[in-house]
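Here is a protein to read with care. Look at the model, then work through the questions one by one.

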Amino acid sequence: PYEHFPVVFGGKGTRQYATAPDTSPPLSSPTYIQQVVGSLLYYARALDNTILPALNDISTQQSKPTENTLKKCKRLLDYVSTYKDTFLRYHASDMILNVDSDAAYLVAPGAKSRIAGFFYFPHSPKGTVLHEINSPIHVECRYLRHVVASAAEVEVGGLFLNFQTTIPIRNTLILMGHPQPPTPIKTDNTTAQAFNYKNIAIKKAKSWYMRYFWLRDRENQLHFKIYWKKGTHENDPNNADYHTKHHSVIHHKGVRH
């Protein structure tokens, strides 16, 4: 759904994650771009979450669109038209909410970082892990509003926003008659996990220590349980990773049903 630029580390050909500022001619009116974003936003949230990263990028340009923005929109519309039989499949579960949290540091112009959250029920009614992963009940995909100074800070920022999204979902499940233990939230960043469990000494991170102290407060109230697992774990990967950046065709096909 979106152009992929492979990242090369070190030596010649090295490039940053974020693309260069768009210098193509501006469009005479933003109406068409706004119509595309508005039309696909609900569809992306309710059914085809694979287009969320592309839609997230395009939506930031809809107030001042350019010819490049129009090309991105047409590519996205071609993708949606090609894969029009998208579906979500849910299996019977124990209705215990789990969340995968991830973030990508400085992936967009303006020093912006993207966070993502994957909300799902991974266990059967008997408590065993489902053989086939359940489709998500919600996928979070958006930029942080402020500029962060490190990858660890954006990971903690992702946890913060996903925590806030989790609370009303937890309350809804409880009111529906599904008691919730501390919600397990997976992260693939050890610093983000250590921050919440007070296992690191804060020295040069006073600003985000103050901003995200609410995470520790909720942890102490047993609303959440943060745990670390390698993002590329064979049996239990971080499902939020896909929605933080634009991937190659091979990886994208592997994520789809």
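The questions below go from the whole fold to single residues.

Q: What kind of model is this, and how many helices and strands are there in the protein?
A: The model is predicted. Along the sequence its elements follow the pattern α-α-α-β-β-β-α-β-α-α-α-β-α. The count is eight helices and five strands.

Q: What percentage of the residues count as buried?
A: A residue is buried if its relative accessible area is under 20%. The protein has 257 residues to sort by this rule. The buried share is 43%.

Q: In what order do the five strands form the sheet?
A: Strands of a sheet pair through backbone hydrogen bonds, either parallel or antiparallel. Here the sheet is open and the pairing is mixed. The edge strands, β3 (138-143) and β5 (224-228), each pair on one side only. The order is β3-β2-β1-β4-β5.

Q: By how many degrees does the sheet twist, on average, from one strand to the next?
A: The sheet has five strands. The twist from one strand to the next averages 20°.

Q: Do β1 and β2 run parallel or antiparallel?
A: β1 and β2 form a hairpin with three residues between them. In the turn, G110 has a positive phi of about 85°. A104 stands opposite R114 in β2. Eight bridges join the two strands, and their sense is antiparallel.

Q: Which residue in β4 is the bridge partner of V99?
A: β1 also pairs with β4, over two bridges. This pairing is parallel. In β4, the partner of V99 is I185.

Q: Which residue in β5 stands opposite T187?
A: β4 covers residues 183-187. It pairs with β5 in the parallel sense, over five bridges. Opposite T187 stands W228.

Q: How many of the residues of β1 are buried?
A: β1 has eleven residues and is mostly covered. Helix α4 is one of the elements that touch β1. The buried count in β1 is nine.

Q: What angle does the direction of α4 make with that of β2?
A: Helix α4 (residues 151-175) packs on the sheet. It touches β1 (98-108), β2 (112-120), β3, β4 and β5. Its direction and that of β2 make an angle of about 40°.

Q: How far apart are the end C-alpha atoms of α4?
A: α4 has 25 residues. At 1.5 Å a residue, they should span 36 Å. The model agrees with this, because the end C-alpha atoms are 37 Å apart.

Q: At which residue does α4 bend?
A: The bend is about 25°. A proline, P168, follows within four residues of the bend. Just after α4, G177 takes a positive phi of about 95°. The bend in α4 is at T166.

Q: Why is α4 described as largely enclosed by the rest of the structure?
A: α4 has 25 residues, so the test is how many of them are buried. T165 is one residue in this helix. T165 has a relative accessible area of 15%, so it counts as buried. For the helix, the buried count is 18 of the 25.

Q: Which residues does T165 touch, leaving aside those up to four places away in sequence?
A: T165 is in helix α4. Helix α4 packs on the sheet. The residues T165 touches are F119, H138, E140 and R142.

Q: Which elements are included in what covers the buried residues of α2?
A: Helix α2 covers residues 52-59. Seven of its eight residues are buried, so α2 is largely enclosed. The buried residues are L52, P53, A54, L55, N56, D57 and I58. Their cover includes α1 (31-46), α3 (67-82), β2 and β3.

Q: Is S124 buried or exposed?
A: S124 is found in the loop between β2 and β3. It touches A92, S93, D94 and L130, not counting residues up to four places away in sequence. Its relative accessibility is 12%, and the cut-off for burial is under 20%, so S124 is buried.

Q: Is the aromatic pair of Y79 and Y83 stacked or tilted?
A: Y79 is buried, at 8% relative accessible area. Y83 is partly exposed, at 33%. Their ring centres are 5.0 Å apart, with 45° between the planes. Planes under 30 degrees apart count as stacked and over 60 as edge-to-face, so this pair is tilted.

Methods. Residues numbered from 1 in each chain as written. Predicted model: local features only at pLDDT ≥ 70, side-chain atom pairs only at ≥ 80, totals over all residues. Heavy atoms only, no water. Pairing = 2+ DSSP bridges. Axes fitted to C-alpha atoms, helices over the stretch in contact; angles between N-to-C directions. Contact = heavy atoms within 4.5 Å. Expected span 1.5 Å × (residues − 1). Bend = angle between axes of the 7 residues up to and from the residue. Buried < 20%, exposed > 50% of the residue type's maximum accessible area, 1.4 Å probe, protein only. Phe/Tyr/Trp six-rings, centres within 6.5 Å; stacked < 30°, edge-to-face > 60°.
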